[in-house]
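Biologist: Please take me through one part of this model at close range: how its helices pack, and what they touch. Take your time over it.

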Amino acid sequence: MNGLKKMVNHVESCDVLIAGGGTAGCFAAIKAAEKNQKVILVDKGYIGRSGCSPFAAGAINICYPDDDKDRWFEEIVTRGEYLNDQEWVKIQLAEAYDRNVELHKWGKAYGKKVLVEDENGEFVRRQGRGNIHTRTNVINALPMVDTLRRKSRDVGVKMVERVMLTHLILQEGRAVGILGLHCRTGESYLFLAKAVVLTAGGCGFKSFFIGHRNLTGEAQYMAMRVGAHLRNLDQAMSNSTSKDIDIHGLSLMVGFGGRFLNADGEEFMLRYDPQVGSRARLTRVVVGMAKEVDAGRGPIYFDLTQVTPDDQKLLRHILPEGFRAFERLGVNPFKQKNEWIPAFEGTLIHGGGLHMDTTCASNIPGLYSAGDTSCTPEHGTWSITGLNLSFCFISGARAGSFAADWAMQQEDVKLSKENEALIRTYIEELIGPAKKNSGITPDQLNYELLDILIPYRVAYLRDETSLQGALDRIRLLMDDKLPQVYAKSLHELIKAFETRSMLAIGEAIVASVLYRKESRGFVYRKDYPLTDNVDWLKWVMVTMENEKIKIWAEDFPTPYLSPPREKYPIF
Amino acid sequence: MPVKNIDYTRCSSCLRCYKICPMDVFGVVSRQVYIAWQQDCMCCYLCEIECPEDAIYVDPQRSQLKPFPW
């Protein structure tokens with residue numbers, strides 16, 4: 001340990017280490033602490049104002065005890081295009097109500113209104129994006145995260161903020177800790193733990209869309225580097241946003257009458273999803289937009305002029321940031337349509353992540369994941385709106401609880417000499433860019449990566465040529481440009497590691513899409529336009545061996561609901 | 001332009017913005033907050049919404065050029 005203390009500034013030990021303080025991380029921390037475990041919760045930002053959670057745009061899926069669970073199950077699995085882990089869908093339906101009511105009650109005790117209630121004190125429920133029989137509740141994001149922060153503190157969770165976690169430490173094949181760097185002091189931290197839960201979101205590549213730009217995939221990258229299996233990265237997701245500004249809350253907006261229009265003023269989504277039109281799933285919306293533009297019917301607009309005055313008021317209440325932004329641009333979105341684009345969000349929300357079983361355990365003993373860091377197994381491709389936020393609560397609670405059970409059976413961690421040497425190399429890697437005086441800035445490299453990932457022939461209307469080209473270009477950036485990244489300040493040094501992480505996740509995403517030889521969900525392949533339930537009821541899996549991507553496909557079970565074994569066009 | 005102005009006639013140096021900013025855009029010198037990394041602002045408005053003195057203005061225009069899908 002003495003050698004360690006010379007190398008790292010802070011060494012802290014606990015039973016359960018939680019990486020990431022959003023809704024999943026806080027739920028995990030609370031549940032582990034309730035099992036009398038010593039819990040440390042670490043975040044790159046301020047817990048409650050970091051990652052996606054504070055920007056959760058109001059939509060949450062809650063199956064009530066008296067809802068028809070079979071019908072909900074069928075809707076979620078068929079609209080998730082059978083890529084869901086069906087056991088997880090069952091868990092989602094069984095536990096969403098309890099977790100939400102629990103959170104709402106915690107909020108009430110702190111004087112916060114978490115779920116939106118009507119005048120009779122009933123939770124407000126709507127038909128949101130993708131909903132047919134299922135329904136969407138409405139939740140207030142900031143009271144939600146404030147409640148979770150306060151509850152975590154009240155149950156004795158130790159919070160460490162502004163530390164970017166970078167390297168997962170394994171010993172005898174088990175996860176035993178994480179190394180990190182303080183974003184403001186530059187001091188290094190080593191957290192040793194009997195169990196590790198990764199809940200630090202996915203990788204959004206600092207692309208368009210609101211609120212996710214500190215999510216650059218470090219948790220997924222650190223896991224992949226030590227051999228954890230990731231799944232569904234081919235389902236890297238997109239939302240959509242105004243061309244001029246970043247705005248969220250689309251699920252609610254289309255639920256309240258928002259429509260996508262092409263340059264001819266046509267509600268074109270009726271062509272691609274006649275049943276729900278503009279309320280189509282995101283998987284269809286973004287490909288539909290790209291198809292319209294490709295056919296010369298662009299640009300694309302979003303039209304809110306048909307929203308009723310009461311619903312306008314509610315939207316302004318739930319999504320104050322977005323409507324404030326419109327106002328500042330001098331735009332009234334309820335009076336005029338707005339130019340709209342897809343917003344690539346990578347592995348955020350439901351875009352793939354750590355493979356896990358129903359206890360949230362990964363293939364590495366002692367390593368758990370929850371929320372966006374995980375492969376979001378309940379969603380499949382993208383089933384219905386708001387499922388992922390409830391999933392963050394449910395998976396967070398389960399991960400914390402199962403990780404605590406694991407931790408109780410483990411001895412205290414004593415780091416091996418080999419690991420001490422390894423940590424030295426990790427620190428060298430972390431601070432490397434600060435030792436250079438010139439080169440490429442992290443922002444420049446980030447732009448070059450986005451320039452590969454975002455064009456619609458790579459992100460939406462894909463084929464072998466466009467994907468292979470993108471993959472080659474990303475690898476060129478990794479080989480030639482990443483070593484040239486330099487940092488002239490601590491702030492830039494943090495960004496330099498973020499860029500390293502984004503490149504690795506970007507490579508894994510494009511390689512995963514290229515691997516899937518069919519069209520399903522967010523994967524639309526012009527060269528394989530059919531959904532193939534004969535040969536491709538498979539999860540695309542990815543990991544790293546010796547810093548190189550390894551990729552394969554795994555058959556998955558469909559224990560309750562199987563699709564007809566046939567091939568059919570995605571549109 | 002992203003976070004643009006801090007009105008120092010209003011700012012009470014409570015440092016709430018510095019504490020919560022997800023992108024670590026602010027810096028502090030002698031308890032005075034300043035915009036240190038404007039290009040990293042993601043226009044999330046959290047600083048403006050939570051400023052108790054209404055001393056911060058965030059412009060909705062994106063701070064950095066990004067490639068468009070088409």
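Modeller: What follows is a walk around one helix, with a second helix pair at the end. Bear in mind that this is a predicted model, where local features need pLDDT of at least 70 and side-chain atom pairs count only at pLDDT 80 or more, while totals for chains, interfaces and linings use all residues. Residues are numbered from 1 along each chain as its sequence is written, and chains are lettered from A and ligands numbered from 1 in the order in which they are written.

Let's start with α14(A), which covers residues 442-453; helices here are DSSP runs of H or I with at least four residues, strands are E runs of at least two, and both are numbered from the N terminus. Its partner is α17(A), residues 490-515, and their axes come within 9 Å, crossing at roughly 20 degrees. Axes are lines fitted to C-alpha atoms, for helices over the stretch in contact, with angles from 0 to 180 degrees between N-to-C directions. The two are therefore roughly parallel (under 35 degrees; over 145 is roughly antiparallel, 65 to 115 roughly perpendicular, the rest oblique). Their crossing is left-handed, meaning that the near helix is turned anticlockwise from the far one by less than a right angle, with clockwise being right-handed. On the α14(A) side, A:P442, A:L445, A:N446, A:L449 and A:L453 make the contact, while α17(A) brings residues including A:E492, A:K495, A:M502 and A:G506. Contact means C-beta atoms, placed from the backbone, within 7 Å. By class, that's seven nonpolar, three polar and three charged residues (Ala, Val, Leu, Ile, Met, Phe, Trp, Tyr, Cys and Pro are nonpolar, Asp, Glu, Lys and Arg charged, and the others, Gly among them, polar).

Now for chain B: 32 residues of chain A are in contact with 20 of chain B. α14(A) is among the elements giving two or more residues to that side of chain A, along with α11(A), β14(A) and α15(A). The largest share, four residues, comes from α11(A). That side has 17 nonpolar, seven polar and eight charged residues.

As for the other pair, the axes of α3(A) (69-79) and α4(A) (86-109) come within 10 Å and cross at roughly 135 degrees, so α3(A) is oblique to α4(A). This crossing is right-handed. Here A:K69, A:W72, A:F73, A:I76 and A:V77 meet A:Q86, A:V89 and A:L93, giving six nonpolar, one polar and one charged residue.

Definitions and conventions:
Two residues are in contact if their C-beta atoms, placed from the backbone, lie within 7 Å.
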